[in-house]
2 protein chains.
Amino acid sequence: MNQIEIIRKKRDGLALTADELDYLISGYVSGTIPEYQISAFLMAVYFQGMTSAESAILTRLMRDSGIVLNHDTIPGFKTDKHSTGGVGDKVSLILAPLVASAGLYVPMISGRALGHTGGTLDKLEAIPGFQTQLPLDQISKQLEDLGVVLVGQTEDLTPADKKIYSLRDATATVNSIPLITASILSKKMAEGIDALVLDVKAGSGAIFETQDKAWELARTLVATATEFKLKTSAIVSGMEQPLGNAVGNWLETKEAIETLQGGGPSDLLDLTLLLCAEMLCLAGMSSDINAGISILRQKIDSGEAFSKFLEIVARQGGDVSVVEHPERYPRAKHERQIKSEADGVVKSIACREIGNISMALGAGRHAVEDKIDYTSGLVLQKKVGSAVKKGEALAVAYSDSDDKIAACHDRLRDAFVISDNSVSPPPLIHGKVDASGEQRWDVASKAFV
Amino acid sequence: MNQIEIIRKKRDGLALTADELDYLISGYVSGTIPEYQISAFLMAVYFQGMTSAESAILTRLMRDSGIVLNHDTIPGFKTDKHSTGGVGDKVSLILAPLVASAGLYVPMISGRALGHTGGTLDKLEAIPGFQTQLPLDQISKQLEDLGVVLVGQTEDLTPADKKIYSLRDATATVNSIPLITASILSKKMAEGIDALVLDVKAGSGAIFETQDKAWELARTLVATATEFKLKTSAIVSGMEQPLGNAVGNWLETKEAIETLQGGGPSDLLDLTLLLCAEMLCLAGMSSDINAGISILRQKIDSGEAFSKFLEIVARQGGDVSVVEHPERYPRAKHERQIKSEADGVVKSIACREIGNISMALGAGRHAVEDKIDYTSGLVLQKKVGSAVKKGEALAVAYSDSDDKIAACHDRLRDAFVISDNSVSPPPLIHGKVDASGEQRWDVASKAFV
């Protein structure tokens, strides 16, 4: 077999065999096939796509490039959630303890911030002492004991995905549906779960701006997962404005804590409850979304969800006192209100730009080795559809550097478009794809139809 | 500037600026941009193409990545020919001495065999002692003294093309019209020539199988060369069967010698005369093709063309006696006739397969460092349209290994398709593109119309 012929075949739009894909992936991981051939292959895939059979083969090869966890000794139902990434998306921090408090087992492996989107690990590490790198035996033990563990990727899991993901990031080949599918599903299946709920976002702050592309990704993810008999449901949600109000690591962790305690912004709560309810349905613990949501609200109201979060923090070495008393957390050195220059209604918020501004304030990374300032970021005071008066705050910016805030001031103000007319907020939920097909979300009845 | 953004821009089909292309190419040559990003870029160019302005910029950047020769002290007209590659194409060996004997100056820089096509340098080096690597001052001196020099690429000329060409070869991105254009024109312009004649081949043995693609390449080459004020004419010729009869290094050199002496196969002679006559027209030395061909025929008949070849061989250290007496050249250790199994007419000859068989007999390289056996190859006894009787030879195979001949026997026989019906030979010349537009070749009148 010859890798140039394999690249040519994909370039010409032909489907590759399992042997050909195996030759490429194992050759890349073992170092016999150079990066410059794999990157040309990835760009050919970007343009020519893959059949569903090819996507499934690539997923399997990437999953099996490392250890696949097995929690069969734990009798419960193991599940996880994956989001394609957005701005202000702190759902994982709420979802994991919430569904664990309802009796599901969540071996959640998350990533770090890169580019305009945040990373769950960085938000967790904003809690002093919180350890996200645990050895495999400790992961299993905590899962058994607490029902939930929140950790980062290890070298043992899906090494092929790690290599390919970095190469995609460096070669503008991230936005390819079959490559996204194989990357997400290989990692999640290596966690040893029984079911997976996906949050596929569409909008200016998401990997795909158009709903069409998001639906296509959702369909491909579900179809491929189904080939592996993994129960999967993909929610297609809107990312036209940040989720919740806080953007930036500690700011988001704090908002997640508020939500676990029964407060928090309604869009964040609604999406989290829906994703959690999908998990309960897949696990057979509730018959429909609304029944699931009732169970979950009760877990929040009773304090069980928040207690579960405290248990996680304590078990993973974090400082429980700052979770119990967020007001004790150090404040950012500098903060400034960004004020509206007109009366009106917020027509839109440039979502990706908000992510980039948060990064510029110190909350994100330009390169993997960059240090993060956990207190930096911003909190929206207005969302799309909010009425605003001239001089009223649109957002508050936080940073360890006043210069950074000054540099971001006009960008942040200009990210808000103010209109004279009334404006409806953009849809939070578009619909879902699961093994039984596709359904749209009906806002009035709060149900899939 | 950021190379990922540049790759993304090209991936999305946008035109790049001169600064962006310069950033990529100079970054690649200097080593600050890794190969895996350039190969992803090349694949994006394969799919999205380039505007004519981008092609011209890339050509200029690649030309100026090294030394550009200047022969202004030589008062004559400097010209060269480039073929996109075919099987049995030994035109350069005849063309260079022939037009030099007519008073043109030919600083010809050629390449080596790789894959199914041969290389001029290997054919020249079949002559014992012939040196193809000369220092730049010696190239200039020989050009001034003899009017012609036949050498290989040097490290000083177009280093960017060398790096990019190897990468394209390893990543299935060779067949991209803008990349081919920049590669050919940058190298030829670095020779310091006043005019260029291109032989763009179409057919099963050529880089593009369809005439449409060959015409597109011819148009792009001429349009781009015209932006540099380089007089250029591109002949579109057929490569549905090998050119001439001999395929393999010394076998082709011998056929070139026969042609320079007034013999040789008619297709080889006709195409060579046409390309040479185009050169005379571009140089203003003849008013039309037919006038040019008359001049050139006279140079062959008078023996001046062959004398010029002898001068080149002598000056570049080659053994003149084998050129004067080809029968003294060592014969291949083994030879065998491949016989027809049916009466009929040759309907087609699998052209690329003939090139691959010649390589398998020992005449070509699988890798750059492979040794070539100069006496290996094959000589066609029948061409498309030839009548053949059962048991009559279709071709003679030559090799230093009888096993190689045995292994190729059936492949070579099967490369000939024999038909019961009469068959016309495929067209040798399709037409031409030059600064004044496109013309088709009229076989009856032997003229462009």
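Domain bounds, as I use them here, come from an automatic or database domain assignment. The model I examined is a predicted one.

**Entry 1: domains of chain A**

I looked up how chain A is partitioned. Chain A is divided into domain 1 (3–49), domain 2 (79–324 + 428–439) and domain 3 (335–419). I noted that domain 2 is given as two segments, 79–324 and 428–439. I then took the separation of domain 1 and domain 3 of chain A, whose C-alpha centres lie 42 Å apart.

**Entry 2: relation of the two chains**

I asked which operation brings chain B onto chain A. Superposition is achieved by a rotation of 180° with 0.1 Å of shift along the axis, and the RMSD is 0.0 Å. I recorded this as the relation of a two-fold axis. Next I searched chain B for the residue whose C-alpha comes closest to that axis; I found B:Tyr36, at 1.9 Å. For the interface, I found that 100% of the interface residues of chain B are also interface residues in chain A, so the copies meet through the same surface.

**Entry 3: a sheet in chain B**

I traced the strand order of an open sheet in chain B. Its six strands follow the order S1-S4-S5-S13-S14-S15, and the pairing is mixed. At the edges I found strand S1 (79–83) and strand S15 (447–448) of chain B; each has a single partner strand, so one side of each is left without a neighbour in the sheet. Within the sheet I inspected strand S13 (residues 429–434) and strand S14 (residues 437–442) of chain B, which run antiparallel and are joined by four bridges. In this region I located B:Val433, which stands opposite B:Glu438 in S14(B).

**Entry 4: positive phi outside glycine**

I next turned to backbone angles. Most residues other than glycine have a negative phi. I therefore noted A:Ala172, which is not a glycine yet has a positive phi of about 55°. I placed A:Ala172 in the loop between helix H8 (159–170) and helix H9 (177–190) of chain A.

I made a similar note for B:Lys446, not a glycine either, with a positive phi of about 45°. B:Lys446 belongs to the loop between S14 and S15 of chain B, and S15 is an edge strand of the sheet in Entry 3.

Are these two residues buried or exposed? The relative accessibility of A:Ala172 is 2%, and I count this residue as buried because the limit is under 20%. For B:Lys446 the value is 52%, which is over the 50% limit, so I count B:Lys446 as exposed.

Conventions
Residues are numbered from 1 along each chain as its sequence is written. Chains are lettered from A and ligands numbered from 1 in the order in which they are written. This is a predicted model: local features need pLDDT of at least 70, side-chain atom pairs count only at pLDDT 80 or more; totals for chains, interfaces and linings use all residues. Side-chain values use heavy atoms; hydrogens and water are left out. Copies are superposed by least squares on the C-alpha atoms of residues with pLDDT of at least 70 in both. Contact means heavy atoms within 4.5 Å. Two strands pair if DSSP finds at least two bridges between them. Helices (H or I, at least four residues) and strands (E, at least two) are DSSP runs, numbered from the N terminus. Buried means under 20% relative accessible area, exposed over 50%, partly exposed in between (1.4 Å probe, protein chains only).
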